[in-house]
Amino acid sequence: MPWKITKSGNRMPQSRGGSRTKIVTEPESLRIDARMERRCLTTAENLASEFRHYTPPFSLGPLLKHFEIARVTERPLDRDACLKRGSEGLYIEVNSLYPMAIRRMAIGHEIGHLIVSQSSTGGHSHWGHYDKRIEDLCDRLAVVLLAPSWAVSRFLEHKHVTHLDGFGKSILKEAALFFGMPTEMISPRLAQVNTTRSVLTN
Ligand SMILES: [Zn+2]
């Protein structure tokens, strides 16, 4: 999940480009289809249901443990994060130059790659960051892991948000802080979950 820094200093998701070097594992098959996407998203929701007894921002510790990721190392990188395998097993390197919310998204994105690999047929790994469909899916998985639908619903209920549109900036900022995510990522998530709630209650 590459990010670019805008003139205003905000960090925005950047389109995937050729600047990202390929790391560790080349995928042999990229058979990502809608069914597989749904499978991955359901897996992420199920994993995030483990957070039910906790309050956001959710610690990523249990997920790291679940995927047997030995450690997360923070250091300056030319990207936001990468997944690697060392003598101790899997580990994630995350860019220490980015703020906490982006670092959390980046770790969630790398965990997303593990979910995709686990959900794909033929045991192929999908660690590479050059397939746009996988990159987008991993971003969506990170959002689900950090802001599971039940937690977003609870937040919206608590804030008495009932309308499909018109999220005020203050709500977005509050939600971003609450879930420990960049505003750019929590904003569409609030809208998405709110739409689902509205459909279910109408
Ligand atoms: Zn990626």
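**A guided tour of the sheet, a helix crossing and two loops**

Begin with β4 and β5, which are joined by a hairpin through two residues. The model on display is a predicted one, and residues are numbered from 1 along each chain.

**The sheet**

Select residues 81-86 for strand β4 and keep β5 in view: the two strands pair in the antiparallel sense over six bridges. Within this pairing, highlight Leu83, which stands opposite Ile92 in β5.

Next, add residues 69-75, strand β3, and residues 89-95, strand β5; these two strands pair in the parallel sense, also over six bridges. To see one such bridge, select Arg75, whose partner in β5 is Asn95.

With the three strands displayed together, in what order do they form the sheet? The order is β3-β5-β4, in an open sheet with mixed pairing. Because β3 and β4 stand at the edges with a single partner strand each, one side of each is left without a neighbour in the sheet. Viewed across the sheet, neighbouring strands are turned by 25° against each other on average, direction ignored. When side chains are switched on, it is useful to recall that in a regular strand they alternate between the two faces of the sheet.

**The helix crossing**

Now select residues 34-48, helix α1, together with residues 100-119, helix α3. The axes of these helices come within 9 Å and cross at roughly 125°. The crossing angle therefore makes α1 oblique to α3. In handedness, the passage of α1 over α3 is a right-handed crossing.

Which residues of the two helices meet? On the α1 side, display Met36, Arg39, Cys40, Thr43 and Ala44; on the α3 side, display Ile115, Val116 and Ser119. Colouring this contact by residue class gives five nonpolar, two polar and one charged.

**Two loop residues**

Move to the loop between α1 and α2 (61-66), where Pro57 is found. Select Pro56 as well and inspect the peptide bond from Pro56 to Pro57: this bond is cis, with omega near -5°.

Finally, go to the loop between α2 and β3 and select Glu68. The backbone of Glu68 has phi near 55°, a positive value in a residue other than glycine. Is Glu68 buried or exposed? Glu68 is exposed, because 9 other C-beta atoms lie within 10 Å, and a residue counts as exposed at 12 or fewer.

Definitions and conventions:
Predicted model: local features only at pLDDT ≥ 70, side-chain atom pairs only at ≥ 80, totals over all residues. Pairing = 2+ DSSP bridges. Helix = DSSP H or I, 4+ residues; strand = E, 2+ residues; numbered from the N terminus. Axes fitted to C-alpha atoms, helices over the stretch in contact; angles between N-to-C directions. Parallel < 35°, antiparallel > 145°, perpendicular 65-115°, else oblique. Left-handed = near helix turned anticlockwise from the far one by under 90°. Contact = placed C-beta atoms within 7 Å. Nonpolar A, V, L, I, M, F, W, Y, C, P; charged D, E, K, R; others polar. Buried ≥ 20, exposed ≤ 12 C-beta atoms within 10 Å, placed from the backbone.
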